[in-house]
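Work through the following exercises with the sequence and the model side by side. Try each task on your own before you read the solution beneath it.

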Amino acid sequence: MSESSPSSTAPTPITAGTATAVSHRFCTAPLMDWSDRHCRYFWRQFSQHALLYTEMVTTGAILFGDQQSHLDFNVEEQPVALQLGGSDPQDLARCAEIAERWGYSEVNLNCGCPSDRVKKGRFGACLMAEPDLVAECLGAMQSAVSIPVTVKHRIGIDDMEDYPGLTRFVEAQAQAGITTFIVHARKAWLNGLSPKENREVPPLKYEMVYQLKQDFPELEIVLNGGINTLDECREHLQQLDGVMLGRAAYQTPGLLAGVDAALFDGEPGPTPAEVVRNMLPYIERELSRGQRLNHITRHMMGLFQGVPGARRFRRHLSEHAHTAGAGPEVLEHALALVTQAA
């Protein structure tokens, strides 16, 4: 089993000097089954400054599975962070080492996923009930690498005390040396709610995250949960260090085109049509390596949200991108359906 980064797509490893430059001012969330390397390459077309997170990858998948399929990424995605799922300090440390060698800019521990499968594996949101174990895990990861180690978690789980429980969890990780906390501003109810319901039913409590920043000003606090617009991002950034968008970024990716100008004093991003054209060389490259067109275009369905012809764009991709031999011309034809309607 190889632990070296593949020369085909992954970059040379990040050095400690460059790792400290990672900005969490705007991040895209780890999204299971969504934020794969094709999705992240697509997102990168819109913003040069956003920090992109992988899907959660379990320690077992890395240590005993096909590392290339789980860890491979395109150099153009940088900065990109790997999110790990696990609860064994030694395994997490080994995976963090592999992530650093593979070239990731950061490694993050998942303490927020509420699914039953994750709970049975003793990782995800259930770890909030074991802050000392999490601190041991994060401490082991930090000792193993020079790139940043961060944690993503909820404001609480089940009947855990609200703010006192949150601060106990954060204090334990801060004592282990963690300085960046990505906080999903909802509780996770592990008994009684499905993962989908846990994304929507528990109320958002932004004020708890704001209070956390006030009480721990030395920590970097990044907000996740329910953020849908760049105006909301700007509002939260008046009190916090960063924001993280998940479903809004996936379902309406065009909003990412405004990130650099609105939040980083950078240049406006490309138009959706320009992004489609920018994706064509990548698609040709990936198809030549055996990828299927629909594995890439499935992430592009929301690109023209609210634009005349958007439905025809989606329908054409849905009907043709999965067929054998489908190539870039399918995407070009879909784009023409939008531009004709405009």
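**Exercise 1.** Leaving aside its neighbours within four places in sequence, find which residues Thr-297 is in contact with, and decide whether Thr-297 is buried or exposed.

*Solution.* Begin by locating the residue: in this predicted model, Thr-297 belongs to helix α15, which covers residues 293-297. Next, search for contacts beyond four places in sequence, and you will find Leu-317 and Ala-321. Finally, turn to the relative accessible area, which is 1% for Thr-297; buried means under 20%, so Thr-297 is classed as buried.

**Exercise 2.** Place Gln-83 in the fold, determine whether it is buried or exposed, and list its contacts, leaving aside neighbours within four places in sequence.

*Solution.* The first step shows that Gln-83 sits in strand β3. In the second step, the relative accessible area of Gln-83 comes out at 2%, and therefore this residue is buried. In the third step, the contacts of Gln-83 prove to be Pro-30, Thr-54, Glu-55, Met-56, Val-57, Asn-108, Asn-110 and Lys-152.

**Exercise 3.** How far apart are Asp-162 and Lys-187 in sequence and in space, and which residues does Asp-162 touch when those up to four places away in sequence are not counted?

*Solution.* Start from the position of Asp-162, which is in the loop between β5 and α8. Along the sequence, Asp-162 and Lys-187 are 25 residues apart, while in space their C-alpha atoms are 8.6 Å apart. Lys-187 is indeed among the residues that Asp-162 touches, together with Ile-155, Lys-205 and Met-208. As a last step, note that the relative accessible area of Asp-162 is 34%, so this residue counts as partly exposed.

**Exercise 4.** Check whether the span of helix α7 agrees with the 1.5 Å a residue expected, then name its buried residues and some of the elements that cover them.

*Solution.* Helix α7 runs through residues 131-144 and has 14 residues, and at 1.5 Å a residue it should span 20 Å. The expected span is taken as 1.5 Å times one less than the number of residues. The C-alpha atoms at the two ends of α7 are 20 Å apart, which agrees with the expectation. Looking next at the side that is hidden, you find that the buried residues of α7 are Leu-133, Val-134, Ala-135, Cys-137, Leu-138, Gly-139 and Met-141. Among the elements that cover these buried residues are the strands β3, β4 and β5 and the helices α5 and α8.

**Exercise 5.** What is the volume of the largest pocket, and which residues lie nearest its centre?

*Solution.* The largest pocket holds about 800 Å³ of space. Its lining is made of 33 residues, and those nearest the centre are Pro-30, Leu-31, His-184, Arg-199 and Arg-247. If you sort the lining by class, you obtain 14 nonpolar, ten polar and nine charged residues. As for the elements involved, at least two lining residues come from each of α6, β5, β6, α9, β8 and α12.

**Exercise 6.** Describe the second largest pocket in the same manner, and state which element gives the most to its lining.

*Solution.* The volume of the second largest pocket is about 390 Å³. There are 20 residues in its lining, and Asp-36, Arg-37, Glu-55, Ser-69 and His-70 are the closest to its centre. At least two lining residues are supplied by each of α2, β2 and α4, and β2 gives the most, with five residues. By class, this lining has five nonpolar, nine polar and six charged residues.

**Exercise 7.** Examine the backbone at Asp-33, at Asp-158 and at the peptide bond from Gln-78 to Pro-79.

*Solution.* Recall first that most residues other than glycine have a negative phi, and that most peptide bonds are trans. Asp-33, in the loop between β1 and α2, has a positive phi of about 70 degrees, and with a relative accessible area of 53% it is exposed. Asp-158, in the loop between β5 and α8, has a positive phi of about 45 degrees, but its relative accessible area is 16%, so it is buried. The peptide bond from Gln-78 to Pro-79 is cis, with omega near 0 degrees, and Pro-79 lies in the loop between α4 and β3.

Note on methods: Residues numbered from 1 in each chain as written. Predicted model: local features only at pLDDT ≥ 70, side-chain atom pairs only at ≥ 80, totals over all residues. Heavy atoms only, no water. 1 Å grid on protein atoms, 1.4 Å probe; cavity = no way out; pocket = protein on both sides within 12 Å on 5 of 7 lines; lining within 4 Å. Points joined across faces, edges and corners; volume = space filled by probe spheres on them. Helix = DSSP H or I, 4+ residues; strand = E, 2+ residues; numbered from the N terminus. Nonpolar A, V, L, I, M, F, W, Y, C, P; charged D, E, K, R; others polar. Buried < 20%, exposed > 50% of the residue type's maximum accessible area, 1.4 Å probe, protein only. Contact = heavy atoms within 4.5 Å.
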